[in-house]
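These notebook entries concern aromatic rings and the contacts they make. I set down each item as I looked it up.

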Amino acid sequence: MEKKTKRRDFLFTATYAVGAVGAGAVIWPMIDQMNPDASVKALASTEVDVSAINPGKTITVLWRGKPVFIRRRTSEEIAEARSVKLEDLKHPEKDEDRAKNPEWLVMLGVCTHLGCVPLDQKGDYNGWFCPCHGSHYDTSGRIRKGPAPTNMEIPEYKFVDANIIKIG
Amino acid sequence: MSEHEYTPKSKVGKWFNDRLPLLTLANHLTDYPTPKNLNYWWTFGGILTFCLITQIVTGLVLAMHYIAHADMAFQSVEHIMRDVNYGWLIRYIHANGASMFFLAVYIHIFRSLFYGSYKSPREIIWIIGIIIYLLMMAAAFLGYVLPWGQMSFWGATVITNLFSAIPLVGEGIVTWLWGGYSVDNPTLTRFFTLHYLIPFLILGLVVLHIWALHVPGNNNPIGIDIKKPSKDTVPFHPYIVIKDGFALLMFMIVFAFFVFYTPNILGHADNYIEANPLVTPAHIVPEWYLLPFYAILRSVPDKLLGVIAMLSAILILAALPWLDTSKIRSAVFRPLYKQFYWILVADVLILGYVGAMPAEGIYLLIARIATAYYFLHFLVILPVLGFKERTTPVPLSITEPILGGSPNLAAVKKKDSFKDQ
């Protein structure tokens with residue numbers, strides 16, 4: 001009697017296991033279809049010609065549906081960004097790490113508070129100011145004052161040649 | 001129905017059930033007494049429910065990626081096929097799912113015809129079923145238009161033009177349906193809306209269909225009224241659940257075969273060409289499941305009468321409970337009806353075949369004979385047969401032929417031979 005019960009238990013468990021795998025195989029495509037599709041992934045990197053940008057100017061380009069600020073900084077701005085002591089920063093990051101080529105700051109133009117786009121050349125630190133909830137960023141895009149928790153993000157990018165930046 | 005009072009065991013269950021008797025409903029469905037001789041032809045109700053749910057779920061997913069605009073619809077379908085993760089799978093399930101749905105519904109309907117399930121007291125179940133079938137055809141047609149290929153466009157043009165056969169107001173109705181002077185963007189957007197709506201109407205009607213079924217209970221292969229619950233019944237769960245589940249699994253194998261091995265065999269290559277209002281494809285035919293009615297339409301030389309004949313061919317089914325005058329439900333005990341039944345099956349298959357062929361020469365002649373016979377079956381043969389046919393004796397219960405040594409054993413055996421066919 002006991003032996004029979006065990007056999008049946010095994011069959012039940014095996015059936016449920018196979019059923020669960022089958023259900024998973026059906027459900028996964030229904031979930032995965034909402035992930036970025038091939039046409040979105042194809043647009044995952046953007047190349048920008050920056051030769052026309054003069055010092056002290058910023059351009060904004062669209063990358064993965066979000067704004068990216070490309071600023072050609074003046075020597076004063078660079079000096080200001082590099083002179084800040086790390087202990088004064090809410091999110092300590094060296095400007096040297098954020099802008100490998102000090103003249104160029106390439107940064108995701110999205111406030112780390114709730115996703116608004118900060119305004120250029122505004123705020124108490126001559127950098128950016130977010131109009132939504134008043135976050136102040138310095139000339140390196142680091143948070144100095146206001147509710148945003150972290151510095152503005154630096155995307156992956158590289159100089160393809162002297163004038164072309166490839167973001168992503 | 002077993003009308004014993006059900007009370008949930010747990011306190012929480014009782015508290016909830018007193019306020020919303022969902023547990024009573026669940027108990028009714030699980031314990032529901034079902035004739036114990038139901039064969040595999042009875043599993044298509046469950047299979048059809050599965051088909052409906054599959055179409056709704058895959059349809060919702062497709063609607064997330066599809067764009068209902070004449071300039072973008074075709075591109076968006078290609079986008080689903082090429083770019084969207086598993087988009088090809090989801091679209092192929094949806095497209096072949098429509099065919100599987102009709103395959104199952106035709107088996108379900110012909111099961112009803114063989115075992116007389118449409119007869120008193122199940123007329124309302126039957127009529128709701130016919131309405132569901134009509135809505136299915138509407139949904140299938142509307143859905144076929146959405147990819148905005150050549151077949152979509154010209155299918156939409158031809159079907160909407162059927163309404164122009166109506167005297168006086170016909171042209172006005174067609175313009176109204178189109179929202180313009182030809183099938184165009186306004187037509188597409190409204191077709192998309194209606195295609196989205198109809199499955200939920202069907203879902204509601206399915207609830208009524210099952211509700212109405214649960215009043216008299218299932219018919220059964222020998223077509224007699226049975227006492228419930230009794231020695232002739234088994235509880236729905238686990239007996240019917242397991243049987244339906246097994247049949248569903250077999251059905252899914254067929255379904256998966258189409259989806260994974262030959263996903264386009266039931267479609268038309270022309271629909272992979274974007275809609276072009278200036279060129280009609282050389283050979284325009286509807287999907288396979290509409291072919292018998294298409295054959296009837298084309299077999300009548302007059303425009304208006306052709307449309308009337310086609311619609312009558314469907315609507316005549318709603319009158320079937322009163323056209324069939326025989327008091328005996330199951331064809332098992334109706335030797336003549338059984339033969340006419342198979343002739344009707346052959347007739348519908350022939351209509352389907354000639355519907356796919358050009359409407360000329362021998363095909364047109366066959367279509368005309370088959371159309372005439374279709375109406376003859378329902379309007380003459382069935383009413384007369386009820387009075388003339390000598391039926392074989394019907395057992396008093398399902399168990400009687402086995403346990404009671406009834407003379408009907410041979411008749412019940414025949415039921416088994418039908419199963420094997």
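I took buried to mean under 20% relative accessible area. I also noted at the outset that the model is predicted.

Entry on the ring count. I looked up the aromatic pairs and found 31 over all chains. I then examined one of them, B:Phe114 with B:Tyr341: the ring centres are 5.0 Å apart and the planes stand at 75°, so I recorded the pair as edge-to-face. For the angle I relied on the cut-off that planes over 60 degrees apart count as edge-to-face. B:Phe114 belongs to helix α5 (residues 87-115) of chain B and B:Tyr341 to helix α14 (residues 335-356) of chain B, so the pair ties together parts 227 residues apart in sequence. By the definition above, I entered both B:Phe114 and B:Tyr341 as buried.

Entry on another pair. I found B:Phe141 and B:Phe191 edge-to-face, with 5.7 Å from centre to centre and 65° between the planes. This pair links distant parts of the chain, 50 residues apart: B:Phe141 is in helix α6 (residues 123-145) of chain B, and B:Phe191 is in helix α9 (residues 185-213) of chain B. I entered B:Phe141 and B:Phe191 as buried, both of them.

Entry on the cluster. Which residues do ring pairs link into a cluster? I listed B:Trp42, B:Phe110, B:Phe114, B:Tyr115, B:Tyr337, B:Tyr341 and B:Trp342.

Entry on charges over rings. I found the charged end of B:Arg111 over the ring of B:Trp42, 4.6 Å from the ring centre. I also found the charged end of B:Lys243 over the ring of B:Tyr40, at 4.7 Å from the centre of that ring.

Definitions and conventions. Residues numbered from 1 in each chain as written. Chains lettered and ligands numbered in written order. Predicted model: local features only at pLDDT ≥ 70, side-chain atom pairs only at ≥ 80, totals over all residues. Heavy atoms only, no water. Phe/Tyr/Trp six-rings, centres within 6.5 Å; stacked < 30°, edge-to-face > 60°. Helix = DSSP H or I, 4+ residues; strand = E, 2+ residues; numbered from the N terminus. Buried < 20%, exposed > 50% of the residue type's maximum accessible area, 1.4 Å probe, protein only. Lys NZ or Arg CZ within 6 Å of the ring centre and 35° of its normal.
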